[in-house]
Amino acid sequence: MSLFSLLYSSAAVHPMRDEELLDLLAQSRTHNRQHGVTGMLLYHNGSFMQYLEGARDEVLALYDRIVVDDRHTG
């Protein structure tokens, strides 16, 4: 398997509370572990930046899910 990576940024639709971020982290860790995806999610002042890596199909499938998530835009 070759490693595929993707980097994106977006804006939260509202400032996220710590509890919301912790829930997002828990959900992401579970899903990503099951699909062999690793990476890093940064959140600061209403902005997200995320780096994802793994098998191309898995990363792109995850990104398709991220794009339609209503917690962020752009």
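## Strand pairing

In this predicted model, strand 1 is joined to strand 4, which covers residues 72-73, by 2 bridges, and the two strands run antiparallel. Within this pairing, Ala12 has His72 of strand 4 as its bridge partner.

Strand 1, which spans residues 4-12, also pairs with strand 3 in the antiparallel sense, here over 8 bridges. In that pairing, Ala11 is matched with Ser47 of strand 3 as its bridge partner.

## Surroundings of Ser10

Ser10 belongs to strand 1, and its relative accessible area is 8%, so it counts as buried, the cut-off for that class being under 20%. The side chain of Ser10 makes a polar contact with the side chain of His72, at 2.8 Å, and His72 is also the residue of strand 4 that serves as bridge partner to Ala12.

When residues up to four places away in sequence are set aside, Ser10 touches Gly46, Ser47 and Phe48, together with His72, Thr73 and Gly74. Among these contacts is Ser47, the bridge partner of Ala11 in strand 3.

## The nonpolar surface patch

Leu7, Met40, Leu42, Met49 and Tyr51 make a nonpolar surface patch of about 460 Å². Strand 2, residues 38-44, and strand 3, residues 47-54, each supply at least two residues of this patch.

One of the patch residues is Met40, which lies in strand 2. Met40 has a relative accessibility of 48% and therefore counts as partly exposed, because exposed requires over 50% and buried requires under 20%.

How values were computed
Residues are numbered from 1 along each chain as its sequence is written. This is a predicted model: local features need pLDDT of at least 70, side-chain atom pairs count only at pLDDT 80 or more; totals for chains, interfaces and linings use all residues. Side-chain values use heavy atoms; hydrogens and water are left out. Patches are made of residues with over 30% relative accessible area and no salt bridge: like charges are joined within 9 Å, nonpolar side chains (Val, Leu, Ile, Met, Phe, Trp, Tyr) within 5 Å. Accessible areas come from the Shrake-Rupley method with a 1.4 Å probe; for residues, only the protein chains shown count as cover. A salt bridge is a side-chain nitrogen of Lys or Arg within 4 Å of a carboxyl oxygen of Asp or Glu. Helices (H or I, at least four residues) and strands (E, at least two) are DSSP runs, numbered from the N terminus. Buried means under 20% relative accessible area, exposed over 50%, partly exposed in between (1.4 Å probe, protein chains only). A polar contact is a pair of N or O atoms within 3.5 Å; within protein, one must be able to donate a hydrogen and the other to accept it, and residues adjacent in sequence count only if both atoms are side-chain atoms. Contact means heavy atoms within 4.5 Å. Two strands pair if DSSP finds at least two bridges between them.
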